[in-house]
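Me: Could you show me how to read a predicted protein model? I'd like to go feature by feature.

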Amino acid sequence: MTTSIFDTQRYDYPQNFMEIKPKLTRLQQAIKKLEANLITTDHDRHKALLEQRLSHGLGLKVDYASELNPDQLLAATTISGKVLVIAGAGSGKTKTLTYRTSYLLENGVAPKSILLLTFTRKAANEIKSRAKALLTSSLSNGALSEDKLPASTALNDITSGTFHSFCNRLLRQYSGLLGINPRFTILDTGDSEDAIDLVYKEKKHPTPTKNQAFPRKRTLQNIFSTSRNRRIPIRQLIEDSYPDIAVHIPIIEQLAIDFHEYKRANHLYDFDDIISQVVRHLKTNDTFRQLIQDQYRYIMVDEYQDTNIPQKQLIDLICAPESVSLMVVGDDNQSIYAFRGANYENILLFGETYPAASLIKLEQNYRSTPAILNYVNALSAQITLGYQKQLYSNAVIVGDKPTFSRASDEPKEAKTIADKIIEHKDDYDYNDFAVLCRTSFQSNYIQLEFMERGIPFIVVGGIKFIERRHIKDVLAFIKVLYNPNDTIAWHRILTLFRGVGAVTATRLTQAINSDNNSLKPLIAPTFTKKSPQLEPLYHTLTKAAQAESVEAVIEQVLSFYIPVLKLIEENWRERSEDFRVLKNLATEYSSLDDFLENLALDPPNDSVATTSQSDNADKDKVTISTIHSAKGLEWPVVFVNSLVDGITPHHRSVDDFEALEEERKLFYVACSRAKTKLYLMAPDYFASYSGYFDKPSRFIAELSPDEVEVKTSKKGLAALASEDPVWW
């Protein structure tokens, strides 16, 4: 791949390039090795192999050859060995995984031996439901005989879901073998922050007298999580990424130890624990490892580029036997979640991890017009390190080139976007448009303009349903009913009441735990004199514990909590509307553990704040989203705004080679969301506390003007006509 960005006078190599050059060399060697094992349908041997797989003698009734393109067919029918499938944007990876699942079942693979790992439960359910529909359709059309009926119904026996839900299931199922309490509570990110804060206060760690504030609980949680997921010592992580708080390193290191011990003592597991504990037991418990390896013989992993180090270790430990089939699917060009701990090296080092592995590429794109694909491919060529790929489309209509334009400032940029939407409204619905931003604050002017012009929209982001204060409060009541050792939930409940502070809450929680998790300390005179609400709390929890359904438990809790909410929130009536959603969710579960587990590990996908002049029931709205939140989605018309160097890429990334590469991939993801029209926008300048930025993004500038239609000011046109090799 080219690195033309380094060939211009305007940009130099990032400062740390020489430092990481040995790592890049290793990655390049691993890529080259796996590229040598590329299998394609162009090769006569592979053609013959496909014909053999699909011969009538195998008794396959689903017509795989007519439903899949040649490369998809190759991936779907390769069910032995270790395989990496590079699935370019819009290349139908979900369809491929669906047909591979069907193919496994049609070849007599026991569904209980299949493991499908994804990053959302929705993705796993979609693959399974599509496979079931495929097999059921074949049966109803007479293609499948009655003896094939189990193939469609047995999909329920496939183990599928997120990494966290899978590991949670293992910890509870094998708790006796692993020596752990199966009734542990899962802490979400907010709960973990609260627990860290509680431990810090209880341990009364001395704070250095230096003029530097101790980090907030959110920063501490992020440090602990990043350290574990990226396998970086806390000291090194702070020195590299948080130098301002380096004076606190000894206390933070001890706090991490205290936090871990606190969780174990109270049967609490955070998101990182769930996977790391399974990895630890797979490494140290021979019986457990053998059981898991014997059960799961066919493993599929979606979005492999988003895995972190513990997730890769989990896969590698289960797939260690040569006889275990492993197919991972992903796109190295879309590895954009380093801030969550994802390790882009995992997908690039697949050939090093599994020397006998094969490589398959899905490059036929079913999403974008050829004109947009030409631009996307040009962006891909600028990514320094990765698997070679060239997306193509069989579409007859080439379509319009992407358009790059500049406006005098952000309000004018927002006006231009609104004008374009109105101009195209006769040909598209509002929900066919999306505005994608590098960071959420870049949409402020756009939201104001849309409101003024009466353009309905939604903003993807906002506070997630289960992170809302009143929802977390109600869930805390349910958590203590399930796990009375959940001290974080107890503190959340008890500090709702006037007269009960952190100290009293700690004493009361300790009294409950010391009394064999009895609720009786709540009505002890020592504590009831602190708050008159403790006795009603006791009666509420006692009744709720006897309720016959999850929904009934919530009803009992709400009868107590809503009067409390009235005292602490002036908009309590508006917040109460969310409780209907909570009760509706509860009807889907028969036990508290299933309810809490699914809310924690796969919460409702509702991180959308709706802002519009139109009726909220109207679904026809423009989407305004961060690029990270838009991954995996698509729209006919896409606007990418604020393409000013220093914003995209972010100014903090330009001196770090790997960070700059991820910013480049982020822009690639944004552009590859567009189906028919792609508008690239930049104001003439962007001013903030971080600086004044007035050059177009290097990701725009480093490509040939032939790839994009340029609509800009006279000043910009003059620059294009100059001899400057960079066309701004």
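**Buried pairs and salt bridges**

Reply: Let's start with two side chains: both E303 and K93 are buried (under 20% relative accessible area; exposed is over 50% and partly exposed is in between, using a 1.4 Å probe and protein chains only). Keep in mind that this is a predicted model, where local features need pLDDT of at least 70 and side-chain atom pairs count only at pLDDT 80 or more, while totals for chains, interfaces and linings use all residues. Residues are numbered from 1 along each chain as its sequence is written, and side-chain values use heavy atoms, with hydrogens and water left out.

Me: How do the side chains of E303 and K93 meet?

Reply: Side chains of opposite charge can pair when their charged atoms come close. E303 and K93 do this in a salt bridge, at 3.3 Å from N to O (the term means a side-chain nitrogen of Lys or Arg within 4 Å of a carboxyl oxygen of Asp or Glu). E303 sits in the loop between strand 6 (298–301) and helix 16 (309–318), and K93 is in helix 5 (residues 93–106), so the pair ties together parts 210 residues apart in sequence. Helices (H or I, at least four residues) and strands (E, at least two) are DSSP runs, numbered from the N terminus.

Me: How many salt bridges does the structure hold?

Reply: There are 46. Take D270 and K263: their closest N and O atoms are 2.8 Å apart, and both residues are buried. Another pair is D578 with R468, at 3.3 Å from N to O. That pair links distant parts of the chain, with D578 in helix 28 (residues 572–586) and R468 in the loop between strand 11 and helix 22, 110 residues apart. D578 counts as buried because its relative accessibility is 15%, while R468, at 21%, counts as partly exposed.

Me: Which residues are linked in a network of salt bridges?

Reply: Look for D194, K217, R469, D473, R492, E569 and R575.

Me: What about a side chain without a charge, like S276? Which side chain does S276 join in a polar contact?

Reply: Find S276 in helix 14 (residues 271–284). Its relative accessibility is 15%, so S276 counts as buried. The side chains of S276 and R228 are joined by a polar contact of 2.7 Å (a pair of N or O atoms within 3.5 Å; within protein, one must be able to donate a hydrogen and the other to accept it, and residues adjacent in sequence count only if both atoms are side-chain atoms). A polar atom of the S276 side chain also lies 2.9 Å from the backbone oxygen of D272.

Me: Now empty space, please. How many cavities of 30 Å³ or more does a search of the whole structure find?

Reply: Rolling a probe the size of a water molecule over the atoms shows where empty space is left. Here the search finds two such cavities. On a 1 Å grid over the protein atoms alone, a cavity is a set of points where a 1.4 Å probe fits but cannot get out, and a pocket is an open set with protein on both sides within 12 Å along at least five of seven lines; lining residues have an atom within 4 Å of a point. Points are joined across faces, edges and corners, and a volume is the space filled by probe spheres set on them. The largest cavity holds about 240 Å³. It has 22 lining residues, and T185, I186, D191, K479 and L596 are the closest to its centre. Elements giving at least two residues to that lining include strand 4 (185–187) and helix 10 (189–203). The lining divides into 11 nonpolar, one polar and 10 charged residues (Ala, Val, Leu, Ile, Met, Phe, Trp, Tyr, Cys and Pro are nonpolar; Asp, Glu, Lys and Arg are charged; the others, Gly among them, are polar).

Me: And what lines the second largest cavity?

Reply: Its lining is C437, S440, S443, V459, V460, I624, S625 and T626. Strand 11 (457–460) and strand 13 (622–626) each give two or more of these, and strand 13 gives the most, with three. The volume is about 40 Å³. By type, the lining has four nonpolar, four polar and no charged residues.

Me: Last one: which residues are closest to the centre of the second largest pocket?

Reply: That pocket has a volume of about 460 Å³. Of its 20 lining residues, R121, S160, S165, R169 and N598 are the closest to the centre. The lining has three nonpolar, nine polar and eight charged residues.
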